[in-house]
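Where does this chain bury its nonpolar side chains, and where does it leave open space? The report below takes up these topics in turn.

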Amino acid sequence: MTSFKTQLAKAGINNFFFLLLGTILLAYLFPDWGEARGALSIDKLTYYGVSLIFFFYGVKISPATLKLGLSNWRLHLLIQGTTFIIFPLLILILYGLFGMEDNLFWLGTFYLAALPSTVSSSVVMVSIAGGNLPAAIFNASISSIVGILITPLWMGFFLSAENADFEVMNTIWTLVQQIFIPVVLGFLFHGWLFTLVQKYGKLLKNFDQFVILLIVFSAFSHSFGNNMFEGQNILGLGLWMLLLFVFMALGMYLLGRLLSFNRADKITVLFCGSKKSLVQGAVMGKILFPDPTIFGVVLLPLMLYHTLQLILGSALAEKLAILPPKDQD
């Protein structure tokens, strides 16, 4: 039983995965709970929780790691360029060819494409597969910070093209207040608090996950309460997310080969360039999409993509770890 649980964890099927599923089920069964208001409403709890998450994230950023990572600029440009330029442009092209008006799943797919890369799972998978770990940490950290500016700019462009009411500068300023400033403050306190944050790392991880679960519960409660998922092709969306992840992972692998990166850097490009952050997506989406009824639907493509990148990414990392280097080129 323990071995089976270990194998599930390697594939990304951990306690948090099941908690996410349980949270969505709870939102479906009791949508009124997520709409409650009061002194301890979910919206107020998550507002302060998000700022705390990013404060402690800033504490974890090591100045030495950032300095070390600056030298491999070709690798960083490829990963960040893919994350914030190629990925969104790909979805824009597909939307122009196949998109339908008033389809929130397309909005959610573009939101997914405009998000930063994930931090923890990218670093873990690069480590398992034998990739360039310092470069993975550098890119994950930089991606999260850059995304505070780039993601709302992309969303403003997309929503403006759809004649949607979206004030880019006000949204960016809100993100700066709630996310960027806490990250900077945390970074400034790195020297004083890093050891303490490491000591209580498991507790802080549980806190992060608790806040994400609250955001997910609130968003899906509103969406279920307003019947936003009725008539939607969820299975088709899942298959579309599967194809998207496979295409991006394969594309990153081929780009790494085209640019003649070494084995470690190709692995880093593969994992950091194809992944998207559920944490950033949940917390930023709460600001970018203030209507929780819409946000629940917009968040679904990201949650499906997140699940697939964990399961398939973990399996790929394990495979790369046991392959001889000559078979990975």
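What follows describes a predicted model, beginning with the core and ending with a single histidine.

The largest nonpolar core has 84 residues, and those with the most contacts inside it are Ile179, Phe220, Leu244 and Phe271. Helix H15, which spans residues 292–322, supplies the largest share of this core, namely 12 residues. One of the residues just named, Phe220, touches Ile24, Ala27, Phe229, Gly296, Leu299, Leu300 and Met303, when residues up to four places away in sequence are not counted.

As for open space, the largest pocket has a volume of about 1600 Å³. Of the 45 residues that line this pocket, Val119, Ser120, Ser121, Val124 and Lys205 are the closest to its centre. Helix H11, residues 201–225, gives the most to the lining, with seven residues. The lining of the largest pocket divides by residue class as the table shows.

| Class of lining residue | Number in the largest pocket |
|---|---|
| Nonpolar | 22 residues |
| Polar | 18 residues |
| Charged | five residues |

Helix H11 also holds His222. This histidine counts as buried because its relative accessible area is 7%, which is under the 20% limit. A polar atom of the His222 side chain lies 2.8 Å from the backbone oxygen of Ser218. His222 and Ala27 are 195 residues apart in sequence, yet their C-alpha atoms are 8.3 Å apart in space; Ala27 is also among the residues that Phe220 touches.

Terms used:
Residues are numbered from 1 along each chain as its sequence is written. This is a predicted model: local features need pLDDT of at least 70, side-chain atom pairs count only at pLDDT 80 or more; totals for chains, interfaces and linings use all residues. Side-chain values use heavy atoms; hydrogens and water are left out. A nonpolar core is a set of buried Ala, Val, Leu, Ile, Met, Phe, Trp, Tyr and Cys residues joined through side-chain atoms within 4.5 Å. Buried means under 20% relative accessible area, exposed over 50%, partly exposed in between (1.4 Å probe, protein chains only). Helices (H or I, at least four residues) and strands (E, at least two) are DSSP runs, numbered from the N terminus. Contact means heavy atoms within 4.5 Å. On a 1 Å grid over the protein atoms alone, a cavity is a set of points where a 1.4 Å probe fits but cannot get out, and a pocket is an open set with protein on both sides within 12 Å along at least five of seven lines; lining residues have an atom within 4 Å of a point. Grid points are joined across faces, edges and corners, and a volume is the space filled by probe spheres set on the points. Ala, Val, Leu, Ile, Met, Phe, Trp, Tyr, Cys and Pro count as nonpolar, Asp, Glu, Lys and Arg as charged, and the others, Gly among them, as polar. A polar contact is a pair of N or O atoms within 3.5 Å; within protein, one must be able to donate a hydrogen and the other to accept it, and residues adjacent in sequence count only if both atoms are side-chain atoms.
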